[in-house]
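Hi,

Here is the structure I said I would pass on. Have a look at it first, and my notes follow below.

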Amino acid sequence: MSGTAEVRDSFKFIDLFAGLGGFHVALSRLGGKAVFAAEWVDSLANLYEQNFSLRPQGDISKIDPKSIPDHDVLTAGFPCQPFSKAGEQLGFEHTEQGQLFFHVVDILREKRPHYFILENVPNILKHKSGATIARIEAELRDLGYDVQINRFSPHHFGIPQVRDRVYIVGSSTNLDAFQWPKHGKQPTDVRSVLEENPTDARQLSQKALDCLQVWDDFLTSSPAALQIPSFPIWSMEFGATYPFEDETPFALTEELGREGLAEYRGSYGARLEGLTVQEQMSALPSHARRPQLQFPQWKVDFIRQNREFYAANKKWIDPWLPKVVSFPSSFQKFEWNAKGETKSVWNLVVQMRASGVRVKRPTTAPSLVAMTDTQVPIIAWERRYMTPRECSALQSLESIDLPVRRTDAYRALGNAVNARVVEQVASALLSSEQAPVSLGLKEVEADAA
């Protein structure tokens, strides 16, 4: 067979764990053509086909790597749950999701694309004290790829969302000429993605409104000169005296039964004397009930900081305290991430998380999460949640159709990659060398014989 020369107008890529198609949107903007996608959730696969005219295959673990078309770039936002701080952090030991990375490795081994771009949560860098990311890098390097790893957030590129993610890029040749995309402190404002009077916006429930009003009262009751602490405020620690530094409530009751806690006080100063062990545990803050002989240092620090803050501010906190006692545990915790702003939740962006009510400046929205639609960012000055379309703008996915059900849309967006960030990373990678792939460059293919 004689040698041939041809000019290709685009490069080919595959999109694994495709979801809403953030990688597809990003690489298409750079001239790429998707030749394969995989997504095991049928409803998302249907939507992907609707948006991109390409039907994804299903479970990647059941796909023969040999059957995947040749491609120049492999992309994969492999499942983050095994490595996320929000989960059990089982990592590769997760019987299903933890092993999916190795299916990516199998495809790389078989198809040998010139480049790959992988994305995951930042905790993957610390998981198992760094052993997990070291293994990932070693597996990729053993295939003959040069590898680099970095972290980016949409707000680095002018998008009003703080969403730190790890990007792992690789090349079958060296990455000596590769430079990560440059970014600066571009001004951002969440109002840039908000719709004017959206008719489909979900309003805050009365319970949520009451909670925010109570914490707004907390802020406005504080002395004008007082800076609200940056550590999480755990109001149930106000008045509590149970031991936490050298021993735990669990350790004391294991050793002495209910007498071990009899002299102490639980949440909001509740007396523990005369209660059964079960009743004593119920009267403690939820974070103090774990069967631990010793609390981790971060928890010790938070408890100490809250008790010291209460002792120094008891005079104005005590009249406010009865307002918060009846709330569920997550509403009794408060995080002020808006230092320097006017002390009012109603001017800011709020997120109601299991870890507490988090308040942020209106410059950015908090990271979208996939676990529940109750953690959607709240536009407090409009007393509403952000709409799915506004959230899609936070993920740079304005051009695609979303799931019809609001809950499904929020969940998919929480799992999505940010297309703008991927585009920046991919652009830097694909322009880093005169690669032997079809990147709009002249490519000569000659028969080895």
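The disulfide count comes to zero, where a disulfide is a pair of cysteine sulfur atoms within 2.5 Å. Of the cysteines, C211 is buried at 0% relative accessibility, and C391 is buried with a relative accessible area of 1%. Here buried means under 20% relative accessible area, with a 1.4 Å probe and protein chains only.

Keep in mind that this is a predicted model, in which local features need pLDDT of at least 70, side-chain atom pairs count only at pLDDT 80 or more, and totals for chains, interfaces and linings use all residues. Residues are numbered from 1 along each chain as its sequence is written, and side-chain values use heavy atoms, leaving out hydrogens and water.

Helix 8 is worth a look. It covers residues 297–320, with helices being DSSP runs of H or I of at least four residues and strands E runs of at least two, numbered from the N terminus. Its 24 residues have end C-alpha atoms only 29 Å apart, short of the 34 Å of a straight helix (1.5 Å times one less than the number of residues). Helix 8 also bends by about 95° at K314, taken as the angle between axes fitted to the seven residues ending there and the seven starting there. Its buried residues, including F309, Y310, W316 and W320, pack against helix 5 (206–221) and strand 8 (233–234); contact means heavy atoms within 4.5 Å.

Finally, T253 sits in helix 6 (residues 249–256) and is buried at 10% relative accessible area. Leaving aside residues up to four places away in sequence, T253 touches L261, V277, Q280 and M281.

Best wishes

Conventions:
Buried < 20%, exposed > 50% of the residue type's maximum accessible area, 1.4 Å probe, protein only.
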